[in-house]
Amino acid sequence: MLPSINLIARTISFPSLGNVDAVVNPDKNIRNARIVEYPKQALYFIASFIALVSLCHFFSLGYRYATRNRFSDVQRRDRILLSRLPIALVDTLRALFFRQTIPIGSSFTLNLAELCLILGYLGVLFSWTFVNSTSTTGLRADPQYYADRAGRIAASQLPVVIALGMRNNIISWFTGVSFDKLNNLHRISVRILCILIWIHGGGRVRPSYMYGLTQWLHCGPVAGSALSLLVILTIRPVRQRNYELFLLVHFVLVLYFIGVRRLPLFIHKVRRVPYYGWPSMVMSGLERLLRLIRLVVYNFSYFNPFGSNDTKSQDATVDVLTESVLRVTIHRPSHFHWRSGQSVYLSFPSVNTYPLQAHPFTIATIDEADEGSFAEKRLIFIFRVRNGFTKNLMHVASPDATYRVFINGPYSSPPLLVGYNTVLLIAGGTGITFTLPLFLNLISRAKRDERPCQKVLFVWAIRRAEHICWIEDILMPALIGIPSSTEVAVKIYVTKSEKDSEKEESSVEELDPNDSSRSQRIGRVVDSEYVSFTSGRPDLQDMNQREIEKASGRMSINACGPHGLGNTVRKAVRTPRLMDILRGGPTINLHIEKFGSVSIWIWDGNQELTLQLVVNTRWGV
Ligand SMILES: Cc1cc2nc3c(=O)[nH]c(=O)nc-3n(C[C@H](O)[C@H](O)[C@H](O)COP(=O)(O)OP(=O)(O)OC[C@H]3O[C@@H](n4cnc5c(N)ncnc54)[C@H](O)[C@@H]3O)c2cc1C
């Protein structure tokens, strides 16, 4: 027996073979050594993966900045250009991994990259949990080996899981993946952690009976149950029944799980592996501190005790645009800066149901708005009214009132539109709040002679022509003085026919009968040489195909709006085009922005239905 123990001990460089305990129970020391080493190795592996993605991100950013003014003039030809093989391969991989989706249930889809990421994460954690778990007596998958290791590996992942769920997200800063998309991974990783915790618990049942239940053994099932309850609450239909309540319960359960002093996990295990528990708590604390600092800095007029009496200077006004759309305007603090397409969390204390309630909304204006323009000193938001806070705001909205509002941000990682020959911006309804700032930014750079792209096509599908007034004040000034070096087209599709509009129970007319200037304002947009109005739904598949056929170099397609719109755009570009790119066709970067829960327009049917549906957010590639 002893020679084989010696062999194992040598293999893992175990230093204390002389220990009597090791001779009596040779497995114990081997197990303990692996319990310390394997979680670290799993953590290093995950950290290396994040570092690799970050490197790719920075390399891609650097490359695009370096080549931002070099527009490709390669034209399509019959001959294959082998020099284009690397970019053609990258584009093909993008099409396969990010644009092919797999339906999970009736309302949830994953793309191939997400699926690989989840399976990869599961594979890594499970491999390190179960590898080398045969005891010296030959018992395979010995619970004494894997059970504690599973618990320790779960604990080691806490910093990663918590980092994925943050708003001020360090992983997002490095990888360029938006915080709301990382939030999906946060939820999935918590579920995987929960499985590990129960593997740990299951493996500890027998020893607990044999050696009796100590205090910390009692705490294990309690901490595991808290985590399991949390996992159940994160299931989409449950979570979305009352999002605010979910956040509150989530906070309490996480505190309970991770370890306020004397609470379960702390007593049970984190106390024994402090190097995993404390970093999570410190990170979480720092993130909240950063939120607080931002809150004070960007809302200083509300906090400043020595400021002028005019604390209303930052208050919001709320305009009811339709029965389900609001426009919120806030005077921007002069020191608040953001990137086009970023979002902020807004909190309206007088409308909130819960204290500290805040909701994310995308800023429809840009930081570098033209001097003297309507948008220059304003943060403008377009809200789709849903069932919670937005509904309450709709009920209290009055043209004469102003509302105290706290802004916190900016957050999210919108695409950087640098170095593209052609940019397509496609929005449906309130999705305009994401594509409009991207468009304004391109135009503003074009006016500054930065030549951001050769062509920009801005497509917006709206129910009624009057909806153009949602953004007209912001859009019109931008359309003046565009240099001829940038080709610009704004295509507005009005999807409801006159007949349909008459049937509507509530319309813009009914909401604001005195607005006599509306028709004039629509007229102003029509007058612009860049704008065209079309009746009916856009054929996005066909439009994308035609633009791809005309384009060369790099092309960026960005879409935001109903679920069906995103799917149609994705469908149009999901077939790999290796040969086309080798012959000079454009490479494509696709970004689909979704706002968590959306209304669907069924684009392909005869009738346009609106359903409330739950979807996942996705990566932009
Ligand atoms: C980065 C980002 C940018 C967004 N930008 C816009 C925008 O410009 N215009 C717009 O109309 N909507 C936007 N949304 C969606 C918007 O945040 C939600 O519609 C809004 O919070 C719903 O509030 P409610 O209480 O009325 O919703 P409820 O009816 O209570 O819930 C509807 C759904 O909204 C989501 N939601 C609710 N509260 C939150 C929250 N605090 N954080 C995240 N999601 C929440 C949940 O998925 C929920 O199921 C954005 C979302 C994100 C993540």
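These exercises work through a predicted model, each with a stepwise solution.

**Exercise 1. The ligand shell**

Task: Find how many residues surround the ligand, and say which elements supply them.

Solution:
- Step 1. Count the shell. It holds 20 residues. The closest are His-359, Pro-360, Arg-384, Asn-387 and Thr-390.
- Step 2. Sort by class. Eight residues are nonpolar, nine are polar and three are charged.
- Step 3. Pick out polar contacts. A side-chain N or O atom of Gln-240 sits 2.9 Å from a ligand oxygen. Thr-362 uses a backbone N or O atom, 3.0 Å from an oxygen of the ligand. Asn-387 also offers a backbone N or O atom, at 2.8 Å from a ligand oxygen.
- Step 4. Check the cover. On its own the ligand has 870 Å² of accessible area, and the protein covers 92% of that.
- Step 5. Assign the elements. Those giving two or more residues are α13 (243-258), β6 (359-362), β7 (378-384) and α17 (389-396). β6 has the largest share, with four residues.

**Exercise 2. Cysteines**

Task: Decide how many disulfides the model has, and classify Cys-116 and Cys-560 by accessibility.

Solution:
- Step 1. Recall the bond. A disulfide joins the sulfur atoms of two cysteines covalently.
- Step 2. Apply the cut-off. Two cysteine sulfur atoms must lie within 2.5 Å. The count is zero disulfides.
- Step 3. Classify. Cys-116 has a relative accessible area of 40%, so this residue is partly exposed. Cys-560 has 1%, so this one is buried.

**Exercise 3. Annotated spans**

Task: Compare the UniProt "transmembrane region" record with the modelled chain over residues 42-61 and 110-131.

Solution:
- Step 1. Read the record. The unreviewed UniProt entry lists residues 42-61, 110-131, 215-233, 245-267 and 418-442 under this feature.
- Step 2. Take residues 42-61. This span is 100% helix and 0% strand, with its end C-alpha atoms 29 Å apart.
- Step 3. Take residues 110-131. Here the chain is 86% helix and 9% strand, and the end C-alpha atoms lie 29 Å apart.

**Exercise 4. Contacts across the sequence**

Task: Place Arg-84, Leu-245 and Thr-92, then describe a spatial neighbour or contact of each.

Solution:
- Step 1. Arg-84 lies in the loop between α3 (26-66) and α4 (85-98). Its relative accessibility is 7%, so Arg-84 counts as buried. Arg-84 and Gly-585 are 501 residues apart in sequence, yet their C-alpha atoms are 9.9 Å apart.
- Step 2. Leu-245 belongs to helix α13. At 39% relative accessible area, Leu-245 is partly exposed. Tyr-354 is 109 residues away in sequence and 8.8 Å away, C-alpha to C-alpha.
- Step 3. Thr-92 is in helix α4 and is buried, at 14% relative accessibility. The Thr-92 side chain reaches the backbone oxygen of Ala-88 at 2.7 Å.

**Exercise 5. Backbone exceptions**

Task: Identify the cis peptide bond at Pro-410 and characterise the positive phi values of Ala-141 and Arg-451.

Solution:
- Step 1. State the norm. Most peptide bonds are trans, and most residues other than glycine have a negative phi.
- Step 2. Inspect omega. The bond from Gly-409 to Pro-410 is cis, with omega near 0 degrees. Pro-410 is in strand β8 (residues 406-411).
- Step 3. Inspect phi. Ala-141 has a phi near 45 degrees. Ala-141 sits in the loop between α5 (112-130) and α6 (143-156), partly exposed at 41%.
- Step 4. Turn to Arg-451. Its phi is about 45 degrees. Arg-451 lies in the loop between α18 (432-447) and β10 (455-462), and is partly exposed at 34%.

Note on methods. Residues are numbered from 1 along each chain as its sequence is written. This is a predicted model: local features need pLDDT of at least 70, side-chain atom pairs count only at pLDDT 80 or more; totals for chains, interfaces and linings use all residues. Side-chain values use heavy atoms; hydrogens and water are left out. Buried means under 20% relative accessible area, exposed over 50%, partly exposed in between (1.4 Å probe, protein chains only). UniProt positions are given in the numbering used here, feature names are shortened, and annotations may be inferred rather than shown by experiment. A residue is near a molecule or strand if one of its heavy atoms lies within 4 Å of it. A polar contact is a pair of N or O atoms within 3.5 Å; within protein, one must be able to donate a hydrogen and the other to accept it, and residues adjacent in sequence count only if both atoms are side-chain atoms. Accessible areas come from the Shrake-Rupley method with a 1.4 Å probe; for residues, only the protein chains shown count as cover. Ala, Val, Leu, Ile, Met, Phe, Trp, Tyr, Cys and Pro count as nonpolar, Asp, Glu, Lys and Arg as charged, and the others, Gly among them, as polar.
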